[in-house]
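Visitor: I have a structure to go through and some quick questions. Can we start with the strands?

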Amino acid sequence: MIGIPGYQIVEVIHESVDVSIARGLREQDSLPVILKVLLREYPTPLELARYRHEFSLLRALQVPCVNEAYELVECGNTVAIAMEDCRGVPLNSVLAGQGGLSVADTLDVAIAIASGLADLHAANIIHKDINPANILLAHGKLDDIRIIDFGIAERGEAALTEVRADRLEGTLAYLSPEQTGRIASPLDRRTDLYAFGITLYEIASGQLPFREADDLAWVHAHLAKRAVLLPELDPAIPAPLGAIAAKLMAKSVDDRYQTAAGVLADLETCRQQWRASGAIAPFSLGRSDRPGQLVLPQQAFGRDRELAVLHSAFASAAKGRGTAVWIVGQAGIGKSTLVRSLLDNPKFDNPKFDNPKFDNPKFYNPKFDNPEDDAQ
């Protein structure tokens with residue numbers, strides 16, 4: 001741990017190759033702080049820019065789920081962020097070695113996370129890396145969380161840009177399909193909801209919905225695999241809670257919850273029922289899920305015949321038969337949406353496609369993901 005001017009290091013909480021997290025005291029007034037230090041002796045301009053970007057976002061945010069940022073400290077060639085110390089415990093360390101939290105505890109944590117995401121999204125911030133390592137339980141309390149690590153977070157309007165498939169950002173196990181850069185859906189607040197769905201699945205069951213060996217397999221899982229429903233994994237998990245996690249993890253952004261406030265309302269309904277009777281009766285999900293702005297759907301309508309042709313051609317190619325399909329039409333008619341719907345359509349349920357060894361790597365190679373091909 002390097003020295004930080006104006007601060008005294010008390011203990012190192014976490015240290016990796018690139019980053020050190022420590023508790024400390026500000027020398028001028030003995031204020032307890034958390035110090036996040038970029039450890040590289042000669043950081044790249046991109047690394048420095050991410051720290052400065054994170055500090056500027058934290059300074060501008062005034063929401064309960066985010067620790068206040070006090071100062072960006074220059075330390076020779078590198079930088080450190082001094083921020084509020086909530087005596088937080090990382091959620092991933094709480095989950096480590098457990099088979100999932102109890103239903104009551106799962107609902108308390110999930111409601112706190114959903115409330116935090118609702119506040120972030122209301123402030124027009126997309127986090128892009130929601131996962132248990134980036135969620136702290138303030139003072140160890142399950143119903144009081146802090147969301148950390150805003151290094152790749154963006155303001156809402158800035159995130160509606162193309163995601164490059166050769167530059168994955170975020171934690172692979174929690175990436176939304178659109179965050180992989182392999183589909184043409186916009187990257188908006190719903191990407192955080194997908195990651196929240198995987199986090200909820202892990203909190204409730206103690207395991208991830210997918211367990212893959214390499215980057216390509218993770219991308220394939222997020223694009224095409226369907227997770228085992230939570231009640232099938234553990235019958236003690238109420239069906240409505242499993243349905244909420246499944247809706248959050250929907251491959252298509254249009255099938256997911258559209259707002260954090262919508263999922264928050266459903267989770268609160270679950271908690272009310274659980275506290276009252278120790279059970280959760282099925283109910284209609286998403287009744288309070290109303291986007292505050294116009295969101296255009298990203299799925300194809302009235303294209304069942306065309307999708308059937310694509311499914312048949314893809315199945316034929318997967319069996320080793322040479323197959324070519326041309327999709328033609330005027331610009332804006334929906335060619336890209338039709339192709340994207342190939343993976344989103346629930347009718348596409350061939351188990352062979354749920355195994356990465358059957359996939360041609362070129363299908364996911366960014367060299368072959370040329371936007372100009374859409375016009376062909």
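Visitor: Which residue in β3 is the bridge partner of Ala-22?

Guide: The bridge partner of Ala-22 in β3 is Leu-35. Strands here are DSSP runs of E with at least two residues, and helices are runs of H or I with at least four, numbered from the N terminus. This is a predicted model, where local features need pLDDT of at least 70, side-chain atom pairs count only at pLDDT 80 or more, and totals for chains, interfaces and linings use all residues. Residues are numbered from 1 along each chain as its sequence is written, and side-chain values use heavy atoms, with hydrogens and water left out.

Visitor: How many bridges join β2 to β3?

Guide: Eight, between residues 19-26 of β2 and residues 31-38 of β3, and the two strands run antiparallel. Two strands pair if DSSP finds at least two bridges between them. Leu-25 stands opposite Pro-32 in β3.

Visitor: What's between the two strands?

Guide: Four residues, as β2 and β3 form a hairpin. Ser-30 in that turn has a positive phi of about 60°.

Visitor: Is β3 largely enclosed or not, and why?

Guide: β3 is largely enclosed by the rest of the structure, because six of its eight residues are buried. Buried means under 20% relative accessible area, exposed over 50%, and partly exposed in between, with a 1.4 Å probe and protein chains only.

Visitor: And how do β3 and β5 run?

Guide: They run antiparallel, joined by five bridges. Ile-34 has Met-83 in β5 as its bridge partner.

Visitor: What's the order of the whole sheet?

Guide: The sheet is open, with five strands in the order β1-β2-β3-β5-β4 and antiparallel pairing. β1 (7-15) and β4 (69-75) stand at the edges with a single partner strand each, so one side of each is left without a neighbour in the sheet.

Visitor: Switching topic: which residues have the most contacts inside the largest nonpolar core?

Guide: Leu-120, Phe-150, Phe-196 and Leu-267, in a core of 70 residues. A nonpolar core is a set of buried Ala, Val, Leu, Ile, Met, Phe, Trp, Tyr and Cys residues joined through side-chain atoms within 4.5 Å. Helix α3 (residues 103-122) gives the largest share of this core, ten residues.

Visitor: What does Leu-267 touch?

Guide: Among others, Leu-107, Ala-110 and Phe-196, not counting residues up to four places away in sequence. Contact means heavy atoms within 4.5 Å.
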